[in-house]
Structures are given as C-alpha cells and as structure tokens.
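Thanks, everyone. I have one structure to go through today, so please look at the screen.

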Amino acid sequence: MQWKWVDPQTAEQGQSLLRRLTDQGYEGYFVGGCVRDELMGRPVNDMDIATNATPEQVIALFERTIPTGLEHGTITVLIENEPFEVTTYRTETEYVDHRRPEQVQFVRELSEDLRRRDFTMNAIARGIDGEYVDPFHGIEDLRNGIIRCVGIADERFEEDALRMVRGIRFASVFDFEIEQQTWQALLNHQALIKHIATERIRVEMEKMIAGPYPYHGIELLLSSGLVPYMKVGVPCEKLNLDLLRSLESLPSSPLVLRWTLIALALGMDEQQIKQYFKSWTFPNTITDQASKIIRMNQRLYDGIVEQESVSLTENEVVIESTSSIDQSYVRFVSCVLDYGKEIAQHWHTLYPVLPSTYQQRLSTIGQQADSWLEQLTIYSLADLPIKGQEVLEYVKIPAGKWLGELFNEILLVVATGQLENNKEAILHYADQALVRKGLR
C-alpha cells in the first residue's frame, strides 16, 4: 500500500529503514503524526518510527545515526541525509511536574508503546505492508472528527498537562470536537497548566493561530478555563470577540498579522504588546512588527481625527509646504518612511478587518494604500543623493539638531513628489527651509 501524502523519495527511504529493521528480526512501524496525517489526507512532513530494537541495536544497525534522545530511546537515523526518528517501544513512569516522565522503561510490545500516547488519533501505527495497528480505535475517531484521550483522560492530563492545550490545538486545526469525557477531564485538571512553561504553550498557540480555524480554538481555550491558570496572564477584560471572528479572513503567513489582530481584540496598545509578547517569549521580530503595526494604525487614525499637520518623524516635525497636497497621502508616506514598506503592507492587509470606526476614518488611505506604495521610489535617507556635510558647507551654519530635522523633512517632500531627488534642488530647498525657520 503506497503512501499518498508523503514525498515519494522520503516514503521510500522510510520503507527501506523499516525493511532493514525487519530483515534483522526486529519490529518497526511508522507512528504518530505521519500516520494520522496520511489517513486525513494532509501533507506529511516527517516520518517517525517505533521499534522493539534497543537504541544500541539501532545504532549498530545503521551507518549514520545521531543519539538525539538516548535516555528516552530515540535515535535519529540518516538515510541519504533524510532524518528519521527511531524510538524504542517504551512506557513511562511517574511524571515530574505534570510534564516530563521521571524515567522510561523499554518494552517489547507495540501495544504498550501506543498506550502511553496522548490521543487515539496519535496512537495508530502502520507497518511496512501498509496494515494499520489501531488498538484504541483512532481511525474511527478520525472519521468522526473526535479528539479522545487514550485510556483514562484524567491520567493522561495528570501525566502531561500540556496535552490539554494540544487537544484544543488539534480540535482547532482539524475542526474536530473534543469527546465529552476528555473535555470533562480537562476541566477537572485545568489548574495543572500552571506547571507548564510559557514557551511550550506559545508553541501550541502558534500552531493553532496559524491553522484554518483559529477562532474555534480561541473559543475552546476561553471555555476551558485554562487561561487564568497560565504562568503569564492574558488581559481578557476588554476582549472583542467580534474582532476575533475576523482572524480566518487574514492570511496565516506572516503570522504577525493574526497576532496583531488578537492584540487589538484584547485592547492592547503598543506598550502592552511589548510587555505581553515579551512575557509570552515571542521572538523580538514578531514583537517589534506587531507594535509598529499598532503604532502606525493609531498614528494614521489620530491624524485623521485631530486633523493634525503632517508628522514627519516620531518628533512631530511640522511641514508647512505640504498643505497643497493630500494630507492623508503625506501622512501615509510619513508612516512608510518611519516604519518601513513591509509594516505598511502589513497594515494595509489588516485594514479590512479593523474595527468599523477605524475603517471609516481611514477609508481614503485604505483604498489608495496600494497605489501610493507603488508610487514611492525612496524609503530612507540613504536614497538621497546628498550628505549632511554637503549641506553644512552650503549653508555655512554649525551642525545641530536642526540638521537631522531638516533631512527628515527633505526625505518626506522628496518621497511625496514635492521635490526632485537631485543635489541642486535639495540644496535650494534646504536654504529656503532654514530661512523659513528663522535659522538664516
């Protein structure tokens, strides 16, 4: 029986690995996510293998191995540079802090190994002949769209409390339902999530938010009662569920778009994003991008509401010469120069799902942002054909704070098409600007 959802070369390499095990008198089965995803018709990215061979026997059997998790019986075997995790059948003793087994014991029976797994859909094995071993009826649960713990759900969650979040993540990504006894066990043990590291929860959340049904996952997470027990709190007091329903209309890549919308739905401002995203161990790039998108959105909104003069930089330098052109255009270009083209594109992608008050106020910018971005030819001071020293030599005035402000002003008027991007025009503008400011 052929694999339909695995790269053919990877499938053949995996089959050859099993063949080597069985030819030497050992058992070997594909297990876990690769079997589940093949049954669901989802692309399979890696193929894990379980065997009754000990780690030492696996190492002796294959030419290229890496002792990835020797203490847990896992060896990475390289077949033509393709990695396969091969793990000895095992059971697990008492768990430490409701997360890690204190020790593992190797066993000889596949059924014992499958019994320790979290959910029935992940406790299915597939042999070299394509036959399935399914002692806990995981295939039936897959067909029925059910998330069910293997064995006694209370015990599975007591062993590893992260399984509660994983169950919600699976239900969200696959659009499955959590079986009643499994859900009740989760409610019974919700406080155990306090033992789980924030980073581990965030990883599960990222997979959930990147999936096709993130709102379903958020609903389950909120109704589970897990959130108040997590090590890092989430400020849900101002949560806007209507806004969260728009998550699925945003692309899942880059994921920062969905995280930014979640931050907006939670009522977070720029500083709160920096605080909470850092506490949740997000990479600095995600935190920085999300805070800039929020800052740009608020800056555009405030500019429309207050009918401000154009803010050239974060220091709110006023430009008198821009009054003759569309102020919304100038304000948008100013944001692009300050935050970058990528952030502006992210904001524009987010715009259609912003709260209605923002959409109404920013409709002109939202409708024209694409064409405005196409018109831009410069994005930074490095794109100007002149340096500060040249301006100083021309105007014969000592350097000071005025020089940086002037260059930012020049960048904006050039970017918005009010001034040609050549040295002569810029020097003439600088001279006139200094006269206007009373510096000459």
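I will take some helices first and then a few single residues.

Before anything else, this is a predicted model.

Start with helix H12, residues 256-265. How many of its residues are buried? It is 10 of the 10, so H12 is largely enclosed by the rest of the structure. For those who want to select them, they are Val256, Leu257, Arg258, Trp259, Thr260, Leu261, Ile262, Ala263, Leu264 and Ala265. Note that Arg258 and Thr260 are on that list of buried residues. After H12 comes Gly267, with a positive phi, near 75 degrees.

Next is helix H18, residues 363-375. H18 has 13 residues, and the distance from its first C-alpha to its last is 19 Å. At 1.5 Å a residue one would expect 18 Å, and the model is close to that. Where does H18 bend? The bend is at Ala369, by about 55 degrees. Ala369 is also buried, and so are Ile365, Gly366, Trp372 and Leu373 in the same helix.

Now to helix packing. Two packed helices are described by the angle between their axes and the distance between the axes. I have two pairs.

The pair I take to begin with is H19, residues 388-395, and H21, residues 423-436. Their axes come within 10 Å and cross at roughly 60 degrees. That angle makes H19 and H21 oblique to each other, because angles under 35 degrees count as roughly parallel and 65 to 115 as roughly perpendicular. The crossing of H19 and H21 is right-handed. Which residues meet there? From H19 there are Glu390, Val391, Tyr394 and Val395, and from H21 there are Lys423, Leu427, Ala430, Asp431 and Leu434.

The other pair is H15, residues 327-339, and H20, residues 401-415. Here the axes are 10 Å apart and the packing angle is about 120 degrees. H15 is therefore oblique to H20. H15 passes H20 in a right-handed crossing. On the H15 side the contact uses Tyr329, Val330, Val333, Ser334 and Leu337, and on the H20 side Leu411, Leu412 and Ala415.

That leaves the single residues. Two of them sit in strands and touch each other: Thr88 is in strand S5, residues 82-88, Thr51 is in strand S2, residues 48-51, and Thr88 is in contact with Thr51.

Is Thr88 buried or exposed? Its relative accessibility is 2%, so Thr88 counts as buried, the limit being under 20%. Leaving out neighbours within four places in sequence, Thr88 also contacts Asn52, Ala53, Thr54, Pro55, Gly73, Phe106 and Asp113.

Thr51 has a relative accessible area of 0% and is buried. With residues up to four places away in sequence not counted, Thr51 touches, besides Thr88, Leu21, Tyr26, Glu27, Gly28, Val58, Val86, Thr87 and Tyr89.

The last residue is Val165, in helix H7, residues 162-174. Val165 is buried, at a relative accessible area of 2%. What does Val165 touch, again not counting residues up to four places away in sequence? The contacts are Ile193, Glu204 and Leu226. As for Gln190, 25 residues from Val165 along the chain, the C-alpha atoms of the two are separated by 9.9 Å.

That is what I have for today.

How values were computed
Residues numbered from 1 in each chain as written. Predicted model: local features only at pLDDT ≥ 70, side-chain atom pairs only at ≥ 80, totals over all residues. Heavy atoms only, no water. Helix = DSSP H or I, 4+ residues; strand = E, 2+ residues; numbered from the N terminus. Expected span 1.5 Å × (residues − 1). Bend = angle between axes of the 7 residues up to and from the residue. Buried < 20%, exposed > 50% of the residue type's maximum accessible area, 1.4 Å probe, protein only. Axes fitted to C-alpha atoms, helices over the stretch in contact; angles between N-to-C directions. Parallel < 35°, antiparallel > 145°, perpendicular 65-115°, else oblique. Left-handed = near helix turned anticlockwise from the far one by under 90°. Contact = heavy atoms within 4.5 Å.
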